[in-house]
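Please examine the structure shown below together with its sequence. The paragraphs after it explain some of its features in turn.

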Amino acid sequence: MRSIYFALIGLFFFASCSEDILEVESSTQISSETFWRTESDVRLAIDGTYSTLGDLEQNYIYHDVMSDNAYNNYPWEGFKAIADGTHTDSDPWAISGFWEYCFRGIGRANVVLDNLDDVEGLNDDFKKSVRGEALFLRAYFYFKLTDHYGGVPIFLESPKLEHGQMPRDTKENVVKQILIDLDEAASLLPATQSQTGRATVGAAKALKTRVLLYNGRWAEAATTAKEVLNMNYSLFPSYRELFMEANENNQEVIFDVQFKAPEQGNFNILYLGSFSIGGWSSIVPMQSLVDEYEMTDGLSIEESPMYDAGHPYNNRDPRLKATIFVPGVTANGIPDHEGEYTGYTFKKYTEYNEDNVVPVVGYPNTTGTNTIVFRYGQILLAYAEAQNEAVGPDQSVYDAVNAVRTRPGVEMPALQTGMSKDEMRQAIRHERRVELALEGTRYSDLKRWKIAEDVLDGLVDPGGTRVFDPSKHYLWPIPRAEFDIEGTQQEQNPGW
């Protein structure tokens, strides 16, 4: 593909690696005639692949604006049109941007895999790890492509011009290749890495869990999730502080994208902060997300006698105020704060709180909070969903969901016993929405559960009424530029 060829042939990112944290800093071209000689060359190449992951997941939190969790008011940021259902094969930029980032990463991973064995004198453990990391990253990029576009071409070698003419493969075959890559990666990767941010066996198993879950392979997903749960991970004792920079790489984190300001930071705090805090209010919570949080008795706001419409935020699941600044609170020293567009502002993934003041980070400055891709709490809920779908609500399903609900500082009531399979299904879906808000899963969840048209079509937000056409919107269109390649055998998704 054109995006692969022009983005990747001869292109690598230089990276500066501290002793314990992977940090990607700058980029340049490297001659193939002088490269692939030393261990340092290999490190540069694999770190260039991680760099592409950082580029891709700069936009991780925007996925919620395409769901009923959040609203985005700015078309130029790339996601509002998708949320509205007005996107095309050439607009907004996210349609082509995700495609390009993923194939760039795949190309870089393939270059590593093709050349690793040619470098002499490498330590065997290092060589195994690098191969495992490249396979993991290739699998991750392919998974993101299947989630958005369905079937795509499968490339297992370094980029070539003729790749631009290759047809799409089926989603089933792409998923098959992803699982092959992840099984080999898991056999090669260590349990821990000397540099934080590199893939481990836990990361490979966590990604495999998600791939299986998203493809409805319930028994396999439950088995793989259980393997992760038996590893050395556990819930962090504070839901609010789990997502703060001071607590990065804690015992709950299985894999995250490393950011460091100012060298390679992100703009999350600008996207999430309100105007009064110096942010852009790019991603703001929807009322339906706020309403999803239960009362502390474990009942919904419609069912609980504790709910008071005059004081709607009292006695709610503590994750509500750990995730969202509700109207009237003090936010980073600003009393009676109220967010733009919906009245709410996200607190999660910011450093702002009610009881302290931190320096405001304004553009063009960035922050260094990592993006958590996989964590123990996610795997608990993945296991619960997969096990419930495979065999029904046995005790292990209750135990997994209740572990999340009773985290220290959350301490919500355990689920009622005696649920049917469908009742447990709805409980798990609720738990995923509130526990994983702003973690890039809700949009994919609605699509894989085949309820996106029920939830999103006709949804009213501050910008109008959304459209979700089930005949076409379950997949994004293949970017129009791919059809401009001479000799292409590419086929467009249905309805586009």
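What follows leads from the interior of the chain to its rings, its pocket and its backbone.

The model is predicted. A suitable place to begin is the largest nonpolar core, which has 132 residues. Helix α5 (residues 124-149) supplies 13 residues, the largest share of this core. Within the core, Phe136 and Ile283 have the most contacts. Leaving aside residues up to four places away in sequence, Phe136 touches Leu182, Ala185, Ala199, Ala203, Ala204, Leu207, Phe255 and Phe374. Another core, of 9 residues, lies apart from the largest one; among its members are Met286, Leu446, Ala452 and Phe468.

Aromatic rings deserve attention next. The count of aromatic pairs comes to 29. In one pair, the ring centres of Tyr62 and Tyr271 are 4.9 Å apart and the planes stand at 65°; because planes over 60 degrees apart count as edge-to-face, this pair is edge-to-face. The two residues are 209 residues apart, so that the pair links distant parts of the chain: Tyr62 belongs to the loop between α2 (39-57) and β3 (70-71), and Tyr271 to helix α10 (residues 268-272). Buried means under 20% relative accessible area. Tyr62 therefore counts as buried at 2% relative accessibility, and Tyr271 counts as buried at 10%.

Rings may also lie beneath a charge. The charged end of Lys226 sits over the ring of Tyr383, 5.3 Å from the ring centre. Lys450 lies over the face of Tyr474, and here the distance to the ring centre is 4.7 Å.

Where is space left open? The largest pocket holds about 540 Å³ of space. It is lined by 19 residues, and those closest to its centre are Glu294, Gly298, Leu299, Ser300 and Glu303. Two or more lining residues come from each of α11 (287-292) and α15 (421-435). The largest share, 4 residues, comes from α15.

The backbone has its own particular points. A cis peptide bond with omega of about 0° joins Asp91 and Pro92, and Pro92 lies in the loop between α3 (80-84) and α4 (93-115). Another cis peptide bond, with omega of about 10°, joins Tyr363 and Pro364; Pro364 is found in the loop between β7 (345-346) and β8 (371-375).

Leu438 is not a glycine, yet its phi is positive, at about 70°. Leu438 lies in the loop between α15 and α16 (442-448). Is this residue buried or exposed? Its relative accessible area is 0%, so Leu438 is buried.

Terms used:
Residues numbered from 1 in each chain as written. Predicted model: local features only at pLDDT ≥ 70, side-chain atom pairs only at ≥ 80, totals over all residues. Heavy atoms only, no water. Phe/Tyr/Trp six-rings, centres within 6.5 Å; stacked < 30°, edge-to-face > 60°. Buried < 20%, exposed > 50% of the residue type's maximum accessible area, 1.4 Å probe, protein only. Lys NZ or Arg CZ within 6 Å of the ring centre and 35° of its normal. Core = buried A, V, L, I, M, F, W, Y, C linked by side-chain atoms within 4.5 Å. Contact = heavy atoms within 4.5 Å. 1 Å grid on protein atoms, 1.4 Å probe; cavity = no way out; pocket = protein on both sides within 12 Å on 5 of 7 lines; lining within 4 Å. Points joined across faces, edges and corners; volume = space filled by probe spheres on them.
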